[in-house]
Every structure is written in C-alpha cells, then in structure tokens.
Amino acid sequence: MAVNEGEQSFRHPLYDLVEGMARMPGLDLAFTTADQVLSWGCEKSLWVFPMATSCCGIEFMAASSSRFDLDRIGTIPRATPRHCDVMIIAGTITVKMAPRVKKLWDQMPEPKWAIAMGSCAISGDFYRDIYSVVPGVDTFMPVDVYVPGCPPNPDHLLEGLRRLQEKIRTKRAGQFVEPDKRPVAGLQAPSIPRLGDPARDPAIDAAQLDSVRQLDPEGALRRHDAPPAPTRPAPRDPGEEG
Amino acid sequence: MAVSAAPAVSSSLATRWTEVGGVRVPVELVTPGWPDPHMDLSTYDPEADLMALNMGPQHPSTHGVLRVKVWLDGETVVKAIPYVGYLHRGVEKLCEKLTYVQITPIVDKNDYVSPMMNELAVNMAFEAALGVEPPPRAQVLRTILAEIQRIASHLISVGTWGLDMGGAIGGGATVFLYCMRERELILDLFEELTGGRFHYNTHTVGGNRHDLPAGWDRKAIEVLDRIVARSEEYERFLVDNPICHQRARGIAVIDPLLAMECGASGPILRGSGVDFDLRRDAPYAAYDQVELRVPVRTEGDALARALVRIDELRESARVAKLLLQGVPEGPICALKPVKLPGAVKLQEGEQVYVGIESPRGELGTWLLANTDRKLGPHPYRLKIRPPSLHALSLLPYLCPGHTLSDVVVIIGSLDPILGEVDR
C-alpha cells in the first residue's frame, strides 16, 4: 500500500546497511535480493561456540569481557552448539578431544563457520610431534579463518571475526572468496621505523629526543642519545702551508 | 619439601587447635568419616532410579576440558568420578628433548592462568641443581612478578566462580566482568615489562631477562592500589549476596585431614583451617625479606575458599607494594646472557626437587639432569607436581550428597586448571 508522506522521506537503517537496496520515493517499499538480507543477518549476529580448551580460551574470555567486548559486533558466546553459527577452536586439540570437537561441530546447524584461534589449533605448534596432539584442527574439520598467535591478542581475534564477516558477505554476493592462506612464520615484520632508522624523517627523531629531554632533564629515562653530529674537517688555511 | 612446624602467625578465627602430622588443625573440623568415592553402585538402593550423567569435556563451568561422570538419584549426586587427560600435551616428554634454556617457554603453557609461576618453578629447580644464586635484584623482581601474577590468577578464579554460581541472574556476571577489567590492568603491566601479554618467557636460569622499565614501579603501585580498593567491592558482591550464601555456604566442606591426605594445598588447605604456606614456611626468592600474613579460614566450605582468595589478593598487593618501594640496584642475572641453547650445563645425575607456592598451591618440579652427546644438556626426567591435580582428587569425596547444581560450584571453588592437570 502506498503512503504519500509528502516531503518527509522514509529512511530505514536497513537502507544504509544493505548495499544495492533500491527504494521508491514516497513509498514504504524497497527491493533487494533475499541473499543480501540473509547475508546481512548472518554477518551481524555471529553467535559463537567457544571450543575453549587451553590458554587461548582465557584470551577468548578476555576478548568477550570488559575491555574488548565482543558483544558490540553482535558476537555472543553461547554454551550449546545448537544456538551457534561460529565455532572458535581456542587451544590445543588432543587425540582424545578431537572426536568430541567433531561431534559438536556436526551438531551445529547450517550455515556454520569455524575459526582456528592460536597456533595450536592451526598446526599443533611445538606440540605437533607429540603423540597425543592433533597437528591442526583442519585435519578433521573445515576451517574458515586462521588467527595466528600464541595466544593471539583479543584485537587479533576481533580482526579474525571481521574477516569472517567479510567472507560471509562476499560469498553470499556470489563473488570469488580467496582461501585464507596458512600463516607463515616470519612474515610479520615491524613496519614502524624506530629512532635512528635511516628510513625515518630526522625531524621526527629530533622532536622525540627533544621531548625526552624536556620530560627528564637529569637523563634517567634516556636510553639512546642523539647520534653525534657529523664533524666537518676545518677548512684549511692556505696561508699556513705556504 | 617437608611440612614445617607450627607457624608463629595464626588465625584469630580458630579457637582450639590440635596437631596432625606436625601441622596445626582446628579441633572442630577433625571429624572422621567421609563419603566413599569407590562406592559399588550395585549396593545402592535397588528401588532408586539412578541416572548416569556426563558433565564435560565441553561444559562452560568445568573450567576447561574436565569430564565428571555423576550418578544421580533424583537430583542428588550419589557418586562422581572426574576423568582427566583431554588436554594431555606430553609436556614432560617434550622437555626431555630440549635444553634447559628452551624449556621455560614450554612450561609457560601448563598453568595458563599464572604463567609466571611455571617459569619460576622450573628455573628455580635448574638453579638449585646448578648451584647458582640469582642476584638480589632478580630475587626481588621475581617476588614482585609472582605476587602480581597471583592477583591476576585469583581475579580469574573468583570471577569465573561468580559466573558459575549465579551467572547473569545471580549477580555473578558482574563480579566476572569487574575482575576481568582489573586483570587487564595487570596484563598491561606485564606487557610493558616483557613484551608479551600472556606468555612471558621472562625468567631464565640465574635471574631474569627483562629489567624494569623507567616508571614501571610507580605504575604498578597505582594499579595495585586500585585493585585493593576495588577488592572490597568484590567481597561485598559475594558476602552481601543472598544467592551466593545459599549456593556456597556449607557446600563441600573439606575436612583438613582429607585435604592433607589428598595432597591439596594453597587456598583449599587454608580455607579448611590448615595454616600452611610455602612462601612463609620455606621461603624462596625474596619472601624472607617480608613478613607475610597468611589468611586462614576454618569454615572449609566453598565460600571460605573464595574469601581466602580475596584476602590473599590483598595480601599479595601489600607485599608487592612493599617490595616495589625498595628494589635493590644491580644486575638481574647471575649468568652471562645466553647465546646458545646448550650454554647451561648441569651435572649428570643431579637430582633436585623445588616447590613453590603457586596461586593453586604447591607447584613442584623434580628434575633429574642428564648430558647426552647428541642432544646436549637436557633433563633426563622433569616431573611437574601440579596442585590442581591433587585438588581434583578431592572431587569424588565432595560431590556425593550435594545436588547437581552444587557440583558446578564445587568445581569452581577447587579452581582446577586442566592445562597443568593433564600437562
């Protein structure tokens, strides 16, 4: 039914959230594809089943509580697999535990995704060769996103969930989803040039040293000092030689 | 480490004391008779409709991957058996292949709520075998780190116990969220000191790796003050909460004799009235420089254990602040910085046992050193004595007679960490 609201335009928040939603001016009707609405719903309310076995489980607890607060991206930890969309495997999975993990994964309703959190879940880490440890959960179940670290910080887990949201969005839109590459050790290098780095603007070095000097005139805080200024050789006096 | 003689400091709560195995125990709690954990169920009332129920290994309130099989008559537990081994990672076997320097980051992951303690225990064993004494600055630094780590560990313990007990309805989630907030402050301190948020690898043979950054002590004192001020609030949340009283008071009263027989230590033993703390009775690191007041409660129930933990948290903050005000100058490691993993060599056949007081009790390390031509210096056998395993062995005695919902409270009050139980 058409309602003419005159000059007032009807703006539902859904219009901002779903791309490609067409609306008709003056009508409370909108057109979109069912896929887009479904993917919008899926990605914004990822309920999480924490398969928390060890250290990463504590870090998952930290991520879901006060400071990092996973709830604000619609991610609520639930204790039963029947309620959940995402399984986060946080911690070492042993041979004794693996059948239980698989069983819980099979109990989760479709659509479902899995995140391997931490190097134990990804590859077994240094327990890899131990007789009782499974070398990575992807040996017995599918994994969508790998979050490396031992354990990964909560902000890394948040980034992993964002990557999963992106994946859900593009997959529903029918685009090609590039498979997540296994993280390789040594790829992460510090990108911020430090004090004295030739790649850094010398003006920043000078400002930093200056601020340290102002902060602490006695020099107790200072670890590095300014590199000695290049001394030029004094210009020769030709008169002396002659 | 032998149980020491009756300590000088005693709790004002107990009135009459008796001696059991050289340890003072309140008379009121020495009562004979406790449930039989090996009960033959065929002798149970044949009319009863017994139901076997598995809790875990995936259960939000079993603190990891503990599985408890309980037999229920109605809602009352008749028999309970804990099954462990779902997180067995073969750490002790792995350590036999590694040199002494490489072991520290591995044992970090054992008790994953207090990694500093694992490092300290293992490195103290190496030092004892090597005959190295860490310099005074490292000793004080280790004590400070251990006490701050104890606060973080007890915060998690009390917080998750609140979650087990009440969840969102009983007000437990509030305690949990507040405790985690305070824990983040401590993790920030550790991150600034060692660069790691969770696993630190800061202790080494002969001392520490990371020196205190400038201004760290001031920040630490600020954080400790804040936590102590807020710990009053947690105690009020627990003690002034009628739900907490109904669920935890008089639940799982542990007999001190039973606790000692099972090898329990730490807050469990002190919650049952046994005044025993390795930090005071067999001082290591810099604990001989401070006078430690050990909190003891005689009730022996789940609430008493939680209150002991909160009292210990305050005491740890006091000790850490005291030591932070006078950190001696000097080197932080007695040995040269390690360049090769095989640099630290122990004499072959050297045997040593060292026990320290971790937040859960006595964390022991037994070491038999070896030198192999191919592998280099490595332990022939490294045995870790986890306090949680002994705490868990109390579970079959405690559960019978309680309802199923109490089992959750009991497990939470024992505070087992499955990483160190299974190793």
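Here are some notes to help you find your way around this predicted model, which has a chain A and a chain B.

1. Let's start with the make-up of chain A. Its secondary structure amounts to 8 helices and 6 strands. Followed along the sequence, these elements give the pattern α-β-β-α-β-α-β-α-β-α-β-α-α-α.

2. How much of chain A is buried? Of its 242 residues, 28% count as buried. As for contacts in chain A with a separation of 6 or more, 69% of them come from residues 24 or more positions apart.

3. Next, find the open sheet in chain A. It has 4 strands in the order E3-E4-E5-E6, and the pairing is parallel. The edges are taken by strand E3 (48–52) and strand E6 (145–147) of chain A; each has a single partner strand, so one side of each is left without a neighbour in the sheet. On average, and with direction ignored, neighbouring strands here are turned by 20° against each other.

4. Zoom in on one pair from that sheet. E3(A) and strand E4 (residues 86–90) of chain A run parallel and are joined by 5 bridges. A good place to look is Val48(A), whose bridge partner in E4(A) is Val86(A). Helix H3 (residues 55–64) of chain A packs on the sheet, where it touches E3, E4 and strand E5 (113–117) of chain A. The direction of H3 makes about 145° with that of E3(A).

5. Over in chain B, there is a hairpin to look at. Strand E8 (residues 351–358) and strand E9 (residues 361–372) of chain B run antiparallel, with 8 bridges between them. The hairpin joins E8(B) to E9(B) through 2 residues. Gln351(B) has Leu368(B) as its bridge partner in E9(B).

6. Chain B also offers a helix pair. The axes of helix H4 (residues 136–165) and helix H14 (residues 404–414) of chain B come within 9 Å and cross at roughly 180°. The two helices, H4(B) and H14(B), are therefore roughly antiparallel to each other. Where do they meet? Thr160(B), Trp161(B), Asp164(B) and Met165(B) in H4(B) meet Val408(B), Val409(B), Gly412(B) and Ser413(B) in H14(B). The residues of this contact comprise 4 nonpolar, 3 polar and 1 charged.

7. Finally, see how the chains touch. The contact takes 29 residues from chain A and 27 residues from chain B. On the chain B side, the elements giving two or more residues are helix H1 (91–95) and helix H5 (172–194). H5(B) supplies the largest share of that side, 5 residues. By type, the chain B side divides into 14 nonpolar, 7 polar and 6 charged residues.

Technical notes
Residues are numbered from 1 along each chain as its sequence is written. Chains are lettered from A and ligands numbered from 1 in the order in which they are written. This is a predicted model: local features need pLDDT of at least 70, side-chain atom pairs count only at pLDDT 80 or more; totals for chains, interfaces and linings use all residues. Two residues are in contact if their C-beta atoms, placed from the backbone, lie within 7 Å. Ala, Val, Leu, Ile, Met, Phe, Trp, Tyr, Cys and Pro count as nonpolar, Asp, Glu, Lys and Arg as charged, and the others, Gly among them, as polar. Two strands pair if DSSP finds at least two bridges between them. A residue is buried if 20 or more other C-beta atoms lie within 10 Å of its own, exposed if 12 or fewer, and partly exposed in between; C-beta atoms are placed from the backbone. Axes are lines fitted to C-alpha atoms, for helices over the stretch in contact, and angles run from 0 to 180 degrees between N-to-C directions. Angles under 35 degrees count as roughly parallel, over 145 as roughly antiparallel, 65 to 115 as roughly perpendicular and the rest as oblique.
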